[in-house]
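Q: Please show the sequence and the structure, and then let us ask how each term applied to them is justified.
A: They are shown here.
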Amino acid sequence: MGEETRPGLHKIFRRVRDDHSELYDDAPMPYAQYFDGGQAIHARYDDLFDGGGSAGCVNLRLEHAKTLWDRLGIGDQVYVRGRKPGT
C-alpha cells in the first residue's frame with residue numbers, strides 16, 4: 001500500500017512534456033503534470049490494464065494525456081476521484 005493516488009482537489013504545480021521517473025527505473029512519463037507533491041497525471045505507453053501499477057500517479061492513454069496537457073496549466077485545479085478498475 002502507500003501508492004494510492006490521493007483523492008480530492010489539487011493544483012498543478014509543475015509540467016514536464018517528456019519526463020522520466022527518478023524512482024521507478026527511469027520509466028517514461030510523457031505529458032507529466034504534477035500535483036500534491038510527487039504525484040502526477042501522465043501518459044503510459046503500454047496497456048493501462050496489463051497489471052502495472054501507477055505508484056500513486058494517474059495513468060492515462062497517450063491521446064488523453066495530451067488532451068489534458070493542451071487544456072491545463074500551472075495553477076489549474078484537478079479533482080482526483082475513483083480508482084483503476086480491477087484494483
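Q: Which residue in β3 is the bridge partner of Y34?
A: The bridge partner of Y34 in β3 is A40. The model is predicted, and local features need pLDDT of at least 70, side-chain atom pairs count only at pLDDT 80 or more, and totals for chains, interfaces and linings use all residues. Residues are numbered from 1 along each chain as its sequence is written, while side-chain values use heavy atoms, with hydrogens and water left out.

Q: Why are β2 and β3 said to pair?
A: Two strands pair if DSSP finds at least two bridges between them. Between β2 and β3 there are three bridges, in the antiparallel sense, and the definition is therefore met. These two strands form a hairpin with three residues between them, and D36 in the turn has a positive phi of about 45°.

Q: What makes β1 and β2 a pair of strands, and in which sense do they run?
A: Seven bridges join β1 to β2, and the two strands run antiparallel. At R14, for instance, the residue standing opposite in β2 is Y34.

Q: How many bridges does β1 share with β5?
A: β1, which covers residues 8–20, pairs with β5 over four bridges in the antiparallel sense. Here G8 stands opposite V80, and L9 has Y79 as its bridge partner.

Q: What is the order of the strands in the sheet?
A: The five strands form an open sheet in the order β4-β3-β2-β1-β5, with mixed pairing. The edge strands are β4 (58–60) and β5 (77–80), because each pairs on one side only, pairing being judged by the bridges between two strands. Neighbouring strands of this sheet are turned by 35° against each other on average, direction ignored; axes are lines fitted to C-alpha atoms, for helices over the stretch in contact, and angles run from 0 to 180 degrees between N-to-C directions.

Q: How many helices and strands does the protein have?
A: The secondary structure comes to one helix and five strands. Helices (H or I, at least four residues) and strands (E, at least two) are DSSP runs, numbered from the N terminus. In that direction the elements run β-β-β-β-α-β.

Q: Which strands does helix α1 touch?
A: Helix α1 (residues 62–71) packs on the sheet and touches β1, β2 (28–35), β3 (39–43) and β4, and its direction makes about 40° with that of β2. Contact means heavy atoms within 4.5 Å.

Q: Why is Q33 called buried?
A: Buried means under 20% relative accessible area, exposed over 50%, and partly exposed in between (1.4 Å probe, protein chains only). The value for Q33 is 0%, so Q33 counts as buried. Q33 belongs to strand β2, where seven of the eight residues are buried. Leaving out residues up to four places away in sequence, Q33 touches I12, R14, R15, Q39, A40, I41, L68, W69 and L72.

Q: Why does W69 count as buried?
A: W69 counts as buried because its relative accessibility is 16%, and the limit is under 20%. This residue is in helix α1. Among its contacts beyond four places in sequence are Y31, A32 and Q33. The C-alpha atoms of W69 and Q33 are separated by 7.6 Å, although the residues are 36 apart along the chain.

Q: Why is P7 described as exposed?
A: P7 has a relative accessible area of 63%, so P7 is exposed. P7 lies in the segment before β1.

Q: Which side chains of β5 are buried?
A: V78 and V80 point to one face and are buried, while Q77 and Y79 point to the other and are not. In a regular strand the side chains alternate between the two faces of the sheet. For the protein, buried residues make up 33% of the 87 residues.

Q: What residues line the second largest pocket, by class?
A: Its lining has eleven nonpolar, ten polar and five charged residues. Ala, Val, Leu, Ile, Met, Phe, Trp, Tyr, Cys and Pro count as nonpolar, Asp, Glu, Lys and Arg as charged, and the others, Gly among them, as polar. β1 gives the most to this lining, with four residues.
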